[in-house]
Amino acid sequence: MVNKTKQLTVLKPPLKWAGGKRWLIHELQKYWKKHQHQRLVEPFCGGLSVALGLKPEKALLNDLNPALINFYKQLQTGLQIDIDLLNDEKAYYHCRELFNQLNGDPTSLQLVAQLFYYLNRTGYNGLCRFNKKGGYNVPFGRYKTINYQTDFSHYQPVLSQWQFRNVDFEQLDIDRADFIYADPPYDTPFHQYSQQGFNWHDQERLAEWLSTHKGPVVLSNQATDRVKTLYRKLGFRLRYLDAPRLISCKGNQRQAVKEVLALRGF
């Protein structure tokens with residue numbers, strides 16, 4: 001029990017993830033602490049920083065990116081990386097081609113997870129991007145050095161307690177007492193984080209779906225005028241924060257943007 005608690009304290013997100021919400025954990029804990037005995041539901045779990053930061057006993061974690069969810073399911077089994085992890089352009093594009101050939105093959109799930117990790121760590125600026133045909137198309141990252149990890153067994157005790165899904169958020173089996181934290185793709189022109197994409201119609205569907213939940217809800221998104229209007233009309237209370245922008249034209253630059261928290265049930 002002591003070892004598991006220690007792991008919960010120090011465990012970091014296993015992937016680089018543009019737009020991750022590690023910076024938001026302190027704010028979310030203000031709402032989570034009164035509901036921490038409940039199940040955490042994330043319709044868009046992304047890089048897993050929120051779940052690992054809040055440390056729920058029970059969690060339902062979903063994402064439309066099947067390769068991402070497969071990676072987490074492999075972590076639940078104690079994933080070990082045994083492919084070559086080379087910070088080399090030729091090796092990167094070879095592995096990207098192999099990943100695109102095997103992604104979705106039920107007989108290659110472990111290898112696909114290893115390739116996904118390698119591409120994530122080696123590709124440009126922590127991006128995860130797919131074209132409309134489902135092909136991973138992030139270019140080589142050109143880092144000087146990369147600290148790769150090969151042993152993920154320390155994630156297994158924590159993630160084995162959580163449930164992972166790969167469905168549209170409306171298909172999730174939600175209980176009225178669940179604590180929902182929703183972090184959809186930002187309301188920006190770019191929304192091709194998965195093959196399906198996520199457009200304004202999806203933003204509206206999400207807002208309507210969240211508004212019907214009987215339990216506590218926290219949503220975060222970029223504070224655009226139409227996002228603020230949408231959630232205000234549905235009766236959410238809005239809070240505003242300065243957020244670090246994690247994607248920029250140069251990897252060492254960050255721009256402050258306004259983030260909105262839409263709150264319900266508090």
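Trainee: Which residues in α5 meet which residues in α6?

Mentor: In this predicted model, Ala91, Tyr92, Cys95, Arg96, Leu98, Phe99 and Leu102 of α5 meet Leu111, Val112, Leu115, Phe116, Tyr118, Leu119 and Thr122 of α6. By class, this contact of α5 with α6 has 12 nonpolar, 1 polar and 1 charged residues.

Trainee: Why is α5 called oblique to α6?

Mentor: The two helices pack at an angle of about 140°, and their axes are 10 Å apart. Roughly antiparallel requires an angle over 145 degrees, and roughly perpendicular covers 65 to 115. An angle of about 140° meets neither condition, and therefore α5 is oblique to α6. As for handedness, α5 passes α6 in a left-handed crossing.

Trainee: What makes α4 and α6 roughly perpendicular to each other?

Mentor: Their axes cross at roughly 110° and come within 9 Å. Since the range for roughly perpendicular is 65 to 115 degrees, the term applies to α4 and α6. The contact involves Ala67, Leu68, Asn70, Phe71 and Gln74 from α4, and Leu109, Gln110, Val112, Ala113, Phe116 and Tyr117 from α6. These residues of α4 and α6 divide into 8 nonpolar, 3 polar and no charged.

Trainee: How do you know that alanine 113 counts as buried?

Mentor: Alanine 113 is found in helix α6. Buried means under 20% relative accessible area; alanine 113 has 0% relative accessibility and therefore counts as buried. Leaving aside residues up to four places away in sequence, alanine 113 touches Asn70, Phe71, Gln74 and Leu79. Leucine 79 lies 34 residues from alanine 113 in sequence, with a C-alpha to C-alpha distance of 8.5 Å.

Trainee: Why is helix α4 described as largely enclosed by the rest of the structure?

Mentor: Helix α4 spans residues 66-75, and 8 of its 10 residues are buried, so the description follows. The buried residues are Ala67, Leu68, Ile69, Asn70, Phe71, Tyr72, Gln74 and Leu75. Their cover includes β2 (59-62), α5 (89-102), α6 (109-122), α7 (156-159) and β3 (163-165).

Trainee: What puts the buried residues of α2 on the same side of that helix?

Mentor: Ile25, Glu27, Leu28, Tyr31 and Trp32 are buried in helix α2, residues 25-32. They cover an arc of only 155° around the axis, which places them on the same side of α2. In an α-helix there are 3.6 residues a turn, so residues three or four places apart point the same way.

Trainee: Why is α8 called roughly parallel to α9?

Mentor: Helix α8 (residues 200-211) packs against helix α9 (residues 225-233) at an angle of about 25°, with the axes 10 Å apart. Angles under 35 degrees count as roughly parallel, and therefore α8 is roughly parallel to α9. Their crossing is right-handed. From α8, the contact is made by Trp200, Gln203, Glu204, Leu206, Ala207 and Leu210; from α9, by Arg226, Val227, Leu230 and Tyr231. The residues of this contact of α8 with α9 divide into 7 nonpolar, 1 polar and 2 charged.

Trainee: How many helices and strands does the chain have, and what percentage of its residues is buried?

Mentor: The secondary structure comes to 9 helices and 7 strands. Of the 266 residues in the chain, 53% are buried. Among contacts between residues at least 6 apart in sequence, 75% join residues at least 24 apart.

Definitions and conventions: Residues numbered from 1 in each chain as written. Predicted model: local features only at pLDDT ≥ 70, side-chain atom pairs only at ≥ 80, totals over all residues. Heavy atoms only, no water. Buried < 20%, exposed > 50% of the residue type's maximum accessible area, 1.4 Å probe, protein only. Helix = DSSP H or I, 4+ residues; strand = E, 2+ residues; numbered from the N terminus. Arc of directions from axis to C-beta. Axes fitted to C-alpha atoms, helices over the stretch in contact; angles between N-to-C directions. Left-handed = near helix turned anticlockwise from the far one by under 90°. Contact = heavy atoms within 4.5 Å. Nonpolar A, V, L, I, M, F, W, Y, C, P; charged D, E, K, R; others polar.
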